[in-house]
Structures are given as C-alpha cells and as structure tokens.
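User: I would like a close look at a single part of this model: the interior and the side chains around it. Please keep to what can be read from the coordinates.
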Amino acid sequence: MSICEPPGRPELVPMSVGDTVRDVVSGRVGKVMGFVGPYVQLRPIGGGREWDARRERLRPVSGSEALSEGVARSNARSRGERL
C-alpha cells in the first residue's frame, strides 16, 4: 500500500475477461470469466470449477506465473491427483 492510499481501501486493478489474476486470500490463480455485482468470476488455469472473488482481493500475474500454474496443474492431473 502506498502512502497516498487511504487505509483499508486497496487500489482496484483494472481487468477484463480473459485476464489472469491471483486471489490473494486463497492463493489461487485463475482466468477472469465474468463480472456479477461486486464479484469477479474466476476459473482455474487449465479448467475446473469456477469461484467468485471480490475485485479488491485480486492482483494481476505475469505471463511466467500463469504458465507455471498451468504446468503445475497439468503435472498434477498426469499423476492422477484430483484438483
């Protein structure tokens, strides 16, 4: 948080459908699928069950972070782990 930011009010990151973000509360990475009220609908990289997160909980991820997440999920699936 910067000195200019009011306390308790995190900066909202602009985002659109298709962006890859991290839910800082759960630690999960997902693709933005849509927006409903104060919530952003996210789907895990590589597919899976969507979840809703409040916009202020989300931070953008770099391309390499998104790729790492996708590889980790693919490896887990190949080992037969349920995601």
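Analyst: A residue is called buried when its relative accessible area is under 20%, exposed when that area is over 50%, and partly exposed in between. The model is a predicted one. With that cut-off, Asp-23 counts as buried because its relative accessibility is 0%. Asp-23 is therefore a convenient place to start, at the 0% value given above.

Asp-23 belongs to strand S1, which covers residues 20-23. One polar contact of the Asp-23 side chain goes to the backbone nitrogen of Ser-26, at 3.4 Å. Once residues up to four places away in sequence are set aside, Asp-23 touches Arg-28, Trp-51, Ala-53, Arg-57 and Leu-58. Of these partners, Trp-51, Ala-53 and Leu-58 are also members of the largest nonpolar core.

That core has eight residues: Met-15, Val-21, Val-32, Val-40, Leu-42, Trp-51, Ala-53 and Leu-58. Two strands, S3 (39-44) and S4 (51-54), each contribute at least two residues to the core. In soluble globular proteins, nonpolar side chains tend to be buried together. Over the whole protein of 83 residues, buried residues make up 27%.

Which residues does Trp-51 contact, leaving aside those within four places in sequence? The list is Asp-23, Arg-28, Val-29, Gly-30, Val-40, Gln-41, Leu-42, Arg-43 and Pro-44. Val-40 and Leu-42 from this list are fellow core members. Arg-28 has a particular placement: Arg-28 lies over the face of Trp-51, at 3.8 Å from the ring centre. Arg-28 is also among the residues touched by Asp-23, and Asp-23 in turn is in contact with Trp-51. These three residues thus touch one another pairwise, given the contacts of Asp-23 and those of Trp-51.

A second placement of this kind is found at Tyr-39, where Arg-54 lies over the ring face at 5.5 Å from the centre. Arg-54 also takes part in a salt bridge with Glu-56, with N and O 2.9 Å apart. Both partners are partly exposed, Arg-54 because its relative accessibility is 33% and Glu-56 because its relative accessible area is 29%. As for pairs between aromatic rings, a search of the whole structure finds zero.

Strand S1 offers further contacts beside Asp-23. Thr-20 is in strand S1, and Thr-20 counts as buried because its relative accessibility, 14%, is under the 20% limit. The side chains of Thr-20 and Lys-31 are joined by a polar contact of 3.1 Å. Without neighbours within four places in sequence, the contacts of Thr-20 are Val-29, Gly-30, Lys-31, Ile-45, Pro-60, Val-61 and Ala-66. Val-29 and Gly-30 appear in the contact list of Trp-51 as well.

Arg-22 gives strand S1 a link to the helix. Arg-22 and Glu-65 form a salt bridge whose closest N and O atoms are 3.9 Å apart. Arg-22 sits in strand S1 and Glu-65 in helix H1 (residues 63-78), so that the bridge spans 43 residues and ties distant parts of the chain. Arg-22 counts as partly exposed because its relative accessibility is 26%, and Glu-65 counts as partly exposed because its value is 34%. Asp-23, by contrast, counts as buried.

In total, the structure has five salt bridges. One of them, away from the strands just described, joins the side chains of Glu-81 and Arg-79 at 2.8 Å, N to O. Here Glu-81 is partly exposed because its relative accessibility is 40%, whereas Arg-79 counts as exposed because its value is 54%.

Helix H1 also holds Ser-68. Ser-68 is partly exposed because its relative accessible area is 48%. Ser-68 and Ile-45 lie 23 residues apart in sequence, with their C-alpha atoms 9.8 Å apart.

The setting for these local details is a protein with one helix and five strands, in the order β-β-β-β-β-α from the N terminus. Among contacts between residues at least 6 apart in sequence, 34% join residues at least 24 apart.

Conventions
Residues numbered from 1 in each chain as written. Predicted model: local features only at pLDDT ≥ 70, side-chain atom pairs only at ≥ 80, totals over all residues. Heavy atoms only, no water. Core = buried A, V, L, I, M, F, W, Y, C linked by side-chain atoms within 4.5 Å. Buried < 20%, exposed > 50% of the residue type's maximum accessible area, 1.4 Å probe, protein only. Helix = DSSP H or I, 4+ residues; strand = E, 2+ residues; numbered from the N terminus. Contact = heavy atoms within 4.5 Å. Phe/Tyr/Trp six-rings, centres within 6.5 Å; stacked < 30°, edge-to-face > 60°. Lys NZ or Arg CZ within 6 Å of the ring centre and 35° of its normal. Polar contact = N/O pair within 3.5 Å; in protein donor to acceptor, adjacent residues only side chain to side chain. Salt bridge = Lys/Arg side-chain N within 4 Å of Asp/Glu carboxyl O.
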